[in-house]
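Here are some exercises to work through with the viewer open. Try each task yourself before you read its solution.

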Amino acid sequence: MTPTNGQDVTDEQKQGTAEPEKMPTMLEQMGGVSGLVYSSLPVVVFVLVNTFAGLYPAIWSALGAAVLIGVVLVVRKGSVQPAVSGLFGVGIAAFIAYRTGSAKGFFLFGIWQSLIYAGAFVLSIVVRWPLAGVAWSFLNGRGTSWRRDRASVRDYDIATLVWALVFGSRFVVQQWLYDTASVGWLAFARLAMGYPLMAIAVAATVWAVRRSDKRLKALEEAEATQVRETEEELRARYAHPVEPHATGKPATES
């Protein structure tokens, strides 16, 4: 509705009436159900074709599955970024499998990638820039004000540590399977330790974000209240001239 005084609605009023930003669900942050399927399909195709037709048909089939995912996303006018990332990862995995001449080589890139990620998350905690907070701030454009609050940094440290444990456990288990077990068990471990464990890490990040946002909002409101009270006090002190009798001197008789 248009204000009765004829003035336009200010940006602050518009922001005040806007609906609060809705935080994405855990499944949405991981790419939804389609993201689960797209990330798993090339691995499943590789294992199945390798079992029945051998290594080289499996390599080409996995690459074909990754390309097919990209085509489907383009046709559906969805984001092609997951398909590009997936094709890049499958391409490297397929190249390693081709060079090593072993189906296990298909999983080697992902195994060492997990170790690098785990190390990066641990290092970010050591240097007091936990990646869980840095990534969330970058994706949402909220800046790094949370770093001035020690409790928020601690919460993001915890979330970052969960991510480090997820990637670290992937490396330990899958490296052991690479040395001792079959391709089928490697594929099972990759899928079972993929999105299920990532869901735990995402949940930890959401927990840290909510705690930090709530705390920062309370701090901002407290600071705003303090500034307002200080302004009112100064205004009350200097708004009126001092009366003659307030100085302790008698008023001049006329």
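The exercises below concern a predicted model, and they go from the whole chain to single helices, cores and rings.

**Exercise 1. The chain as a whole**

Describe the secondary structure of the chain, its burial and its surface.

Solution. Begin with the elements: the chain has 10 helices and 0 strands, so the pattern along the sequence is α-α-α-α-α-α-α-α-α-α by the DSSP runs used here. Next, take burial: 31% of the 254 residues count as buried. Then turn to the surface, where carbon and sulfur atoms hold 64% of an accessible area of about 16,900 Å². Finally, look at contacts between residues at least 6 apart in sequence: 69% of them join residues at least 24 apart.

**Exercise 2. Helix H4, length and faces**

Compare the span of H4 with the expected value, then find out where around the axis its buried residues lie.

Solution. Step one is length. H4 covers residues 55-75, which is 21 residues, and at 1.5 Å a residue it should span 30 Å. The expected span is 1.5 Å times one less than the number of residues. The end C-alpha atoms are 30 Å apart, in agreement with that value.

Step two is burial. The buried residues of H4 are Leu55, Ala58, Ile59, Ala62, Leu63, Ala65, Ala66, Ile69, Gly70 and Leu73. Viewed down the axis, they fall within an arc of 145°, so they line one face of the helix. A general rule helps here: an α-helix has 3.6 residues a turn, so residues three or four places apart point the same way.

Step three is the other side of H4, where Trp60, Val74 and Val75 are exposed.

**Exercise 3. The nonpolar cores**

Which residues touch the most other members of the largest nonpolar core, and which element gives the largest share of this core?

Solution. The largest core has 24 residues, and Phe46, Ile59, Phe106 and Phe107 touch the most other members. Two or more residues come from each of H3 (32-53), H4, H5 (81-100), H8 (150-180) and H9 (183-192). H4 gives the largest share, 6 residues. Apart from this core lies another, of 20 residues, including Val162, Val202, Ala204 and Ala208.

Now pick out phenylalanine 106. Leaving aside residues up to four places away in sequence, phenylalanine 106 touches Val43, Phe46, Ala62, Val90, Ala93, Ala94, Ala97 and Arg190.

**Exercise 4. Helix H6 and what follows**

Work out which side of H6 is buried, what covers the buried residues, and what phi arginine 128 takes just after this helix.

Solution. H6 has 19 residues and should span 27 Å; its end C-alpha atoms are 28 Å apart, which agrees. Its buried residues are Gly110, Ile111, Ser114, Ala118, Phe121, Ser124 and Ile125. These cover an arc of only 150° around the axis, which puts them on the same side of H6. Their cover includes H7, H8 and H9. On the face turned away from the buried side, Ile116, Leu123 and Val126 are exposed.

One of the buried residues, isoleucine 111, has its C-alpha atom 8.5 Å from that of valine 172, although the two are 61 residues apart along the chain. Valine 172 belongs to H8 and is exposed, with a relative accessible area of 55%.

Follow the chain past the helix: arginine 128 lies in the loop between H6 (108-126) and H7 (131-140). Its phi is near 65°, a positive value in a residue other than glycine. Most residues other than glycine have a negative phi. Arginine 128 is partly exposed, at a relative accessible area of 40%.

**Exercise 5. Stacked rings**

Characterise the aromatic pairs that involve phenylalanine 167 and phenylalanine 121 or tryptophan 163.

Solution. The structure holds 11 aromatic pairs. Phenylalanine 121 and phenylalanine 167 are stacked, with 5.8 Å centre to centre and 10° between the planes. Their pair links H6 with H8, across 46 residues, and both are buried.

Tryptophan 163 and phenylalanine 167 are also stacked, at 6.1 Å centre to centre and 20° between the planes. Being 4 residues apart in H8, these two are separated by about one helical turn, and both are buried. Putting the rings together, Tyr117, Phe121, Trp163 and Phe167 are linked into a cluster by ring pairs.

Notes: Residues are numbered from 1 along each chain as its sequence is written. This is a predicted model: local features need pLDDT of at least 70, side-chain atom pairs count only at pLDDT 80 or more; totals for chains, interfaces and linings use all residues. Side-chain values use heavy atoms; hydrogens and water are left out. Buried means under 20% relative accessible area, exposed over 50%, partly exposed in between (1.4 Å probe, protein chains only). Contact means heavy atoms within 4.5 Å. Accessible areas come from the Shrake-Rupley method with a 1.4 Å probe; for residues, only the protein chains shown count as cover. The arc is that of the directions from the helix axis to the C-beta atoms. A nonpolar core is a set of buried Ala, Val, Leu, Ile, Met, Phe, Trp, Tyr and Cys residues joined through side-chain atoms within 4.5 Å. Rings of Phe, Tyr and Trp (its six-membered ring) pair if their centres lie within 6.5 Å; planes under 30 degrees apart count as stacked, over 60 as edge-to-face and the rest as tilted.
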